[in-house]
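Let's take a walk through this one, starting with a charged side chain and ending in the nonpolar interior. Have the viewer open as you read.

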Amino acid sequence: SNKSSILIVNDNVQMLNFLKVSLKNKYNVFLADSVPAALAKINTILRPELIISDIMMDGMDGHVLLERITETEEFYDIPFIFLTAVSTQDEEIRGLAGGAIDYIKKPFSLPELEKKIESIIALRKRMKKRDVMDIRKGFEGLLSKIIDDKKLQPGAAFESLCAKYGFTP
């Protein structure tokens, strides 16, 4: 439960097993062998901090998965990496233009992949921490304004406070 979660999508079972064995000590690793399986699984697992997907798969390809993820409000901010044997520059540019944050070509270096995963997840944690601090400062400022506002009557109704400060009750 203290580990970050990763969703790995690949129709090659050996590759899925290799990545699971390689990463399971540091991460909660969830696997899907197709785009439809990944789209179903993402709704039932811990929200992944990262998605790693192949491009070429039977049926729908990795680009479709990336498009579906980035179109879904609940998941659009999950970082996405292509890990693929498709090595043309046009494909790489297409993947990055579609929203992937990295494009790793097979054969790949496992230590390099591990460091990229670690770096991406660490950045997301720092960003979340900053967002929480920003929200806290905003609420503290609002609370201070409410307390310091001389026009506010001690018995003011909750609804009038909401209206005064632009909140919906």
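**Charged pairs and nonpolar cores**

Asp54 is buried, with a relative accessible area of 7%. Keep in mind that this is a predicted model, so treat what follows as a reading of that prediction.

What does a buried acid like Asp54 pair with? Its side chain meets that of Lys106 in a salt bridge, at 3.7 Å from N to O. The two come from distant parts of the chain, 52 residues apart: Lys106 sits in the loop between strand S5 (102-105) and helix H5 (110-148), while Asp54 sits in the loop between strand S3 (50-53) and helix H3 (62-71). Lys106 has 22% relative accessibility, and because the buried class stops under 20%, Lys106 counts as partly exposed.

Now slide over to strand S5 itself. Asp102 makes a salt bridge with Lys116, and here the closest N and O atoms are 2.9 Å apart. Asp102 lies in strand S5 and Lys116 in helix H5, so this pair ties together parts that are 14 residues apart in sequence. Is Asp102 buried or exposed? Asp102 is buried, at a relative accessible area of 18%, whereas Lys116 is partly exposed at 23%.

For another pair, look at Arg130 and Asp131, whose side chains meet in a salt bridge at 3.1 Å, N to O. Both count as partly exposed: Asp131 has 36% relative accessibility, and Arg130 has 44%. There is also a small story of shared partners, with Lys26, Lys115 and Glu118 joined into one network by their salt bridges. In total, the structure holds 11 salt bridges. As background, side chains of opposite charge can pair when their charged atoms come close.

Time to leave the charges and go inside. Which residues touch the most other members of the largest nonpolar core? They are Leu7, Ile51 and Leu65, in a core of 21 residues. The elements giving two or more residues to this core are strand S1 (4-9), helix H2 (35-41), H3 and strand S4 (80-84).

Ile51 is a good residue to click on. Leaving out residues up to four places away in sequence, Ile51 touches Leu7, Ile42, Leu65, Ile69, Ile78, Pro79, Phe80 and Ile81. Leu7 and Leu65, named above alongside Ile51, are thus on that contact list too.

Finally, there is another core, lying apart from the largest one. This second core has 20 residues, among them Met15, Leu50, Ile81 and Ile104.

Notes
Residues numbered from 1 in each chain as written. Predicted model: local features only at pLDDT ≥ 70, side-chain atom pairs only at ≥ 80, totals over all residues. Heavy atoms only, no water. Salt bridge = Lys/Arg side-chain N within 4 Å of Asp/Glu carboxyl O. Helix = DSSP H or I, 4+ residues; strand = E, 2+ residues; numbered from the N terminus. Buried < 20%, exposed > 50% of the residue type's maximum accessible area, 1.4 Å probe, protein only. Core = buried A, V, L, I, M, F, W, Y, C linked by side-chain atoms within 4.5 Å. Contact = heavy atoms within 4.5 Å.
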